[in-house]
Amino acid sequence: MKILCSLLMLLSTYALFAQNNLGPRLTAMGNNGAAVTDVWSLQANPSGISRLKKTTVSLNYTKHFFGNEISTQGLVAVIPFKNDFIGTTFQRYGFSEYNESKVGFAYAKKFGEKLSIALNGNYHQLKISNYGSSNGFSIDFGLLYHFNNDFTFGAFVNNPSKEKFSSTTVFAAIPTSYNIGASYFASDKVLIATTISKTLDQSIDIKLGIDYKMFDLLSLRGGLSAKPFKQYVGFGLNYRKFLIDMATTYDTNLGYEPQMALGYAF
C-alpha cells in the first residue's frame, strides 16, 4: 500500500510514472535509442528497425528499484518486407494494485540506402486498484539518416500532441519527449552513440554509450546519462539465431535495476 500511495503522489504531478523500456542493449548503452538499429528501437525511435534483415522477436523482464513487487515486462517483434518494416510492441509496468500497459504498432520505410522514416501508434491503459482505469492514445515519429556506413543521425518525438490520461480521481500525462542523436562505428567492433533528450517539465538529458563486439558471440556495453545521473552496463550473447541481452542500471539514490531479454532472429 505504501508503494501504491507513492505512485499516486507521483501521478498527481502530471507525469506518467513508467517510461519506455528500451531493452537491455539500448539501456546498457545509456538508454541510447535515437540512432542505433535494434529491434527494441520500437520503444524509442521506430525508424531504428529499418536495418533489420530478419524477422526478430524479443521478450524482456526488468526488476525495479522500489521493491520485489514492481517489474516491467515487454515484448517486441519486427517483420521486414524489403524496404518496408512493420513492428508491434507490448509493455506492462507495475504490480497487482497498480499497472500501466502499452500496445504499439509501427510502420517504417527505407528511402534508398540513407533515409528511413517511421510512425508508431500506441494504446495506453492505466489501472489502479479501487480507483478504476483510464486509457489514451499517442503517436510517435522517427527518422534515421545514414551519412555513410559509419555515421548515422537520428531524431524522434514521442507523443507530440501531448495526449493525456484522465479520470475523476487520477490525472496523468503520457510523456512527451523530443530526441536527437548520432551513432558512429569507430571500427568494425566499436559503436559509439549519443542522444540528447528533452521531456516536457524535465531537464535536458544527455546520454553516451558504447557497444564493443569482442567477437561474434559476445558484446560488452556501457553508458552514462546526465539528468538524472545514472550508470549503465551490460552484455549480449549472439548464438546462431538466439539473442540474449542483459543490462543493469545504477542510480546513486535507488541502487541497481537489472533486466534481461531473450530474442530470436528467424
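**Exercise 1. Which backbone oxygen does the side chain of S183 reach, and at what distance in Å? Place S183 in its strand and describe its surroundings.**

This is a predicted model in which local features need pLDDT of at least 70 and side-chain atom pairs count only at pLDDT 80 or more, while totals for chains, interfaces and linings use all residues. Residues are numbered from 1 along each chain as its sequence is written, and side-chain values use heavy atoms, with hydrogens and water left out.

*Step 1.* The side chain of S183 reaches the backbone oxygen of A35 at 2.7 Å. A polar contact is a pair of N or O atoms within 3.5 Å; within protein, one must be able to donate a hydrogen and the other to accept it, and residues adjacent in sequence count only if both atoms are side-chain atoms.

*Step 2.* S183 belongs to strand β10 (residues 177–185). Helices (H or I, at least four residues) and strands (E, at least two) are DSSP runs, numbered from the N terminus.

*Step 3.* With a relative accessible area of 5%, S183 is buried. Buried means under 20% relative accessible area, exposed over 50%, and partly exposed in between (1.4 Å probe, protein chains only).

*Step 4.* Not counting residues up to four places away in sequence, S183 touches A35, V36, D150, F151, T152, L191, I192 and A193. Contact means heavy atoms within 4.5 Å.

**Exercise 2. Determine which strands pair with β10, and in what sense.**

*Step 1.* Two strands pair if DSSP finds at least two bridges between them.

*Step 2.* Strand β7 (residues 151–158) runs antiparallel to β10 and is joined to it by 8 bridges. Within this pairing, A155 has I180 of β10 as its bridge partner.

*Step 3.* Strand β11 (residues 190–199) is also antiparallel to β10, and 9 bridges join the two. Here G181 has T195 of β11 as its bridge partner.

*Step 4.* β10 and β11 form a hairpin with 4 residues between them.

**Exercise 3. Trace the pairing from β14 through β15 to β16.**

*Step 1.* Strand β14 (residues 230–239) pairs with strand β15 (residues 242–251) in the antiparallel sense, over 10 bridges. The bridge partner of G234 in β15 is A247.

*Step 2.* The hairpin of β14 and β15 has 2 residues between the strands, and in it R240 takes a positive phi near 55°.

*Step 3.* β15 pairs in turn with strand β16 (residues 255–265), again antiparallel and over 10 bridges. T249 has E257 of β16 as its bridge partner.

*Step 4.* The hairpin of β15 and β16 has 3 residues between its strands.

**Exercise 4. Describe the aromatic pairs, and state why the pair of Y123 and F137 is classed as it is.**

*Step 1.* Rings of Phe, Tyr and Trp (its six-membered ring) pair if their centres lie within 6.5 Å; planes under 30 degrees apart count as stacked, over 60 as edge-to-face and the rest as tilted. The structure holds 6 aromatic pairs.

*Step 2.* The ring centres of Y123 and F137 are 5.2 Å apart and the planes stand at 55°, so the pair is tilted. This pair links distant parts of the chain, with Y123 in strand β5 (residues 115–128) and F137 in strand β6 (residues 132–146), 14 residues apart. Y123 is partly exposed at 30% relative accessibility, whereas F137 is exposed at 54%.

*Step 3.* Y250 and Y256 form a tilted pair as well, with 4.7 Å from centre to centre and 45° between the planes. Y250 is partly exposed at 25% relative accessibility, and Y256 is exposed with a relative accessible area of 58%.

*Step 4.* Y145, F147 and F151 form one aromatic cluster.

**Exercise 5. Is H124 buried or exposed, and which side chain does it contact through polar atoms?**

*Step 1.* H124 lies in strand β5.

*Step 2.* H124 is buried, because its relative accessible area is 8%.

*Step 3.* The side chains of H124 and S138 make a polar contact at 2.7 Å.

*Step 4.* Leaving aside neighbours within four places in sequence, the residues in contact with H124 include S101, K102, F137, S138, F165 and I174.

**Exercise 6. Summarise the protein as a whole: what are its secondary structure and its buried share?**

*Step 1.* The secondary structure comes to 2 helices and 16 strands.

*Step 2.* Of the 266 residues, 47% count as buried.
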